[in-house]
There are 2 protein chains.
Amino acid sequence: MSFHSYLASIITVSDELQEAFYKLTHTKEVKKGQLLVRSGERCNDIYFVESGLLRGYYYQEEKEITHWFAREDEFATCFYSFITHVPSAEFIEAIEPCQLVQLPHANLQKLYASFPETERIGRLLTEAYYVRLEGRFLGLQFTTAKERYDNLMKDHPQLLRRASLGHIASYLGITQETLSRIRARQ
Amino acid sequence: MSFHSYLASIITVSDELQEAFYKLTHTKEVKKGQLLVRSGERCNDIYFVESGLLRGYYYQEEKEITHWFAREDEFATCFYSFITHVPSAEFIEAIEPCQLVQLPHANLQKLYASFPETERIGRLLTEAYYVRLEGRFLGLQFTTAKERYDNLMKDHPQLLRRASLGHIASYLGITQETLSRIRARQ
DNA sequence: GTTGATTTTTGATGTAGATCAAAAATGCGG
DNA sequence: CCGCATTTTTGATCTACATCAAAAATCAAC
């Protein structure tokens with residue numbers, strides 16, 4: 001979905017607002033495997049994914065841990081770095097070719113100031129991040145690896161075809177071997 | 001610490017702002033064991049803890065799971081309910097007698113509108129919640145029960161005297177028995 | 001296709017922490 | 001200071017998942 005259609009689905013986009021959006025965002029195409037943000041850099045942008053698939057990951061004792069996926073019609077950013085202006089602990093990688101819309105932090109602030117209705121975007125973003133994290137936290141504490149896998153497949157049935165087992169396993173908080181065994185029996 | 005001193009330590013409090021605060025907040029005293037919010041109710045207030053200790057908890061398969069503690073000089077609310085206006089999934093209980101300052105959501109919005117510098121409060125709150133959750137998420141995934149316990153004791157050495165083992169164990173994501181054994185050996 | 005690199009599967013074994021049960025310690029109202 | 005409720009400790013056993021290692025399958029470049 002285009003960023004514009006997405007916006008129109010959550011707020012009323014006046015002509016002025018539409019124009020402001022065109023001025024304050026720019027589109028970006030990235031190839032498979034390309035990094036958008038590296039650990040240690042500041043992440044000053046939000047990306048809206050028009051098409052393709054991104055993942056955020058970080059290193060934990062030499063191992064890559066996938067922290068999130070963002071597919072078409074979702075926002076992606078290193079949330080903590082974006083809100084605090086601190087260098088990011090994570091990488092953002094395109095695991096499919098992507099069509100993105102980039103919105104810099106400063107421009108988002110301009111939008112808030114001129115078009116109060118856009119505050120809703122910020123709110124939705126914060127909520128989405130918080131809720132996503134909370135869900136994963138509870139999942140880690142209270143569900144088995146198999147249940148987490150089943151839930152993920154229910155919400156994102158295509159993910160298995162689009163991301164590697166290793167990415168999905170670390171996202172679920174288990175090893176690749178365990179995920180492979182979970183899939184085998186059933 | 002009084003709410004006023006706390007505020008003065010993070011933002012400059014003009015006379016007008018101080019007056020607005022007096023109008024828009026009110027103090028509240030609660031006894032040990034008293035509930036501030038019940039699951040199913042909306043949580044429309046933030047509490048600043050001037051003295052005492054609160055905990056947030058919810059039920060997971062009949063068991064109480066402590067989600068957070070808030071001691072003096074900290075804010076407490078059912079964060080998700082507060083930002084989304086959805087009924088709370090959690091309870092807030094005073095586990096010590098508390099002196100609180102209550103700030104309703106609507107009044108916080110008024111403050112934001114009239115005193116832009118107060119936006120910092122909202123930002124700090126969001127960040128604090130997000131960071132706290134992220135820390136616990138990573139802890140659950142990558143550290144042993146003992147490490148989590150040691151970290152908690154480093155940050156809150158008094159907590160063991162102020163909260164029960166059961167509360168602390170569920171906060172750490174382990175059973176009471178395991179926490180008891182962890183403490184025994186060392 | 002053939003080849004080498006990468007990803008996924010399978011097998012054997014180890015372990016942190018859960019569960020169930022009961023004893024011991026602590027706290028508290030009268 | 002006694003009796004009862006609550007909290008904490010200790011013991012025995014069980015299990016989900018990790019780790020290490022190697023085989024099998026898939027992918028991608030030439």
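Biologist: Where do B:Lys146 and B:Asp150 lie, and how many residues apart are they?

Modeller: Let's start with the general idea. Side chains of opposite charge can pair when their charged atoms come close. In this predicted model, B:Lys146 and B:Asp150 sit in helix H6 (residues 145–155) of chain B, four residues apart, about one turn of the helix. Their side chains meet in a salt bridge, with N to O at 2.7 Å.

Biologist: Are B:Lys146 and B:Asp150 buried or exposed?

Modeller: In between. B:Lys146 has a relative accessible area of 25%, so it counts as partly exposed. B:Asp150 is partly exposed too, at 31%.

Biologist: Which salt bridge links distant parts of the chain?

Modeller: Look at B:Glu93 and B:Arg55, whose closest N and O atoms are 2.9 Å apart. B:Glu93 belongs to strand E7 (residues 91–94) of chain B and B:Arg55 to strand E4 (residues 53–60) of chain B, with their positions 38 residues apart in the chain. Both B:Glu93 and B:Arg55 are buried. Over in chain A, a network of salt bridges links A:Arg55, A:Glu64 and A:Glu93.

Biologist: What about B:Arg71 and B:Glu74?

Modeller: Their side chains form a salt bridge as well, at 3.8 Å from N to O. B:Arg71 is partly exposed because its relative accessibility is 22%. B:Glu74 has a relative accessible area of 23%, so B:Glu74 is partly exposed as well.

Biologist: How many salt bridges are there over all chains, and how many across the interface of chain A and chain B?

Modeller: Searching the whole structure gives 16 salt bridges over all chains. Across the interface of chain A and chain B, the count is zero. Polar contacts tell a similar story there: zero residue pairs between chain A and chain B, taking pairs with both residues at pLDDT 80 or more.

Biologist: Then what does the interface consist of, and which elements of chain A supply it?

Modeller: On the chain A side, strand E4 (53–60), strand E5 (63–71), helix H3 (79–84) and helix H5 (119–142) each supply at least two residues. H5(A) gives the most, with 14 residues. Sorted by class, that side has 13 nonpolar, seven polar and four charged residues.

Biologist: What area is buried between chain A and chain B, and which three residues of chain A supply the most?

Modeller: About 2,400 Å² is buried between the two chains, and carbon and sulfur atoms give 75% of it. A:Tyr130, A:Leu133 and A:Phe137 supply 28% of the area that chain A buries against chain B, more than any other three residues. As for residue counts, the contact takes 24 from chain A and 24 from chain B.

Biologist: On to the DNA. Which residues come nearest to DNA strand D?

Modeller: For a DNA strand, I'd ask who surrounds it, then which atoms meet. Around DNA strand D there are 18 residues, and A:Ala145, A:Thr178, B:Gln176, B:Arg181 and B:Arg183 come nearest. Of the strand D atoms within 4 Å of the protein, 55% belong to sugar or phosphate and the rest to bases.

Biologist: Which side chains have polar atoms by the phosphate oxygens of DNA strand D, and which by a base nitrogen?

Modeller: A polar side-chain atom of A:Thr175 is 3.2 Å from a phosphate oxygen of strand D. For B:Ser180, an N or O atom in the side chain is 2.9 Å from a phosphate oxygen of strand D. B:Arg181 takes the base: an N or O atom in its side chain lies 2.7 Å from a base nitrogen of strand D. By element, H9(B) gives the most to the surface near strand D, with six residues.

Biologist: How many residues surround DNA strand C, and which are the closest?

Modeller: 19 residues surround strand C, the closest being A:Leu165, A:Arg181, A:Arg183, B:Ala145 and B:Thr178. Sugar and phosphate make up 54% of the strand C atoms that come within 4 Å of the protein. The side chain of B:Thr178 has an N or O atom 2.6 Å from a phosphate oxygen of strand C, while a polar backbone atom of A:Leu165 is 3.1 Å from a phosphate oxygen of strand C. B:Arg181 turns up here too, with a side-chain N or O atom 3.3 Å from a base oxygen of strand C.

Biologist: Which element gives the most to the surface near DNA strand C?

Modeller: H9(A), with six residues. That surface divides into four nonpolar, eight polar and seven charged residues.

Technical notes:
Residues are numbered from 1 along each chain as its sequence is written. Chains are lettered from A and ligands numbered from 1 in the order in which they are written. This is a predicted model: local features need pLDDT of at least 70, side-chain atom pairs count only at pLDDT 80 or more; totals for chains, interfaces and linings use all residues. Side-chain values use heavy atoms; hydrogens and water are left out. Contact means heavy atoms within 4.5 Å. Buried area is the accessible area (1.4 Å probe) that two parts lose on being put together, summed over both. A salt bridge is a side-chain nitrogen of Lys or Arg within 4 Å of a carboxyl oxygen of Asp or Glu. A polar contact is a pair of N or O atoms within 3.5 Å; within protein, one must be able to donate a hydrogen and the other to accept it, and residues adjacent in sequence count only if both atoms are side-chain atoms. Ala, Val, Leu, Ile, Met, Phe, Trp, Tyr, Cys and Pro count as nonpolar, Asp, Glu, Lys and Arg as charged, and the others, Gly among them, as polar. A residue is near a molecule or strand if one of its heavy atoms lies within 4 Å of it. Buried means under 20% relative accessible area, exposed over 50%, partly exposed in between (1.4 Å probe, protein chains only).
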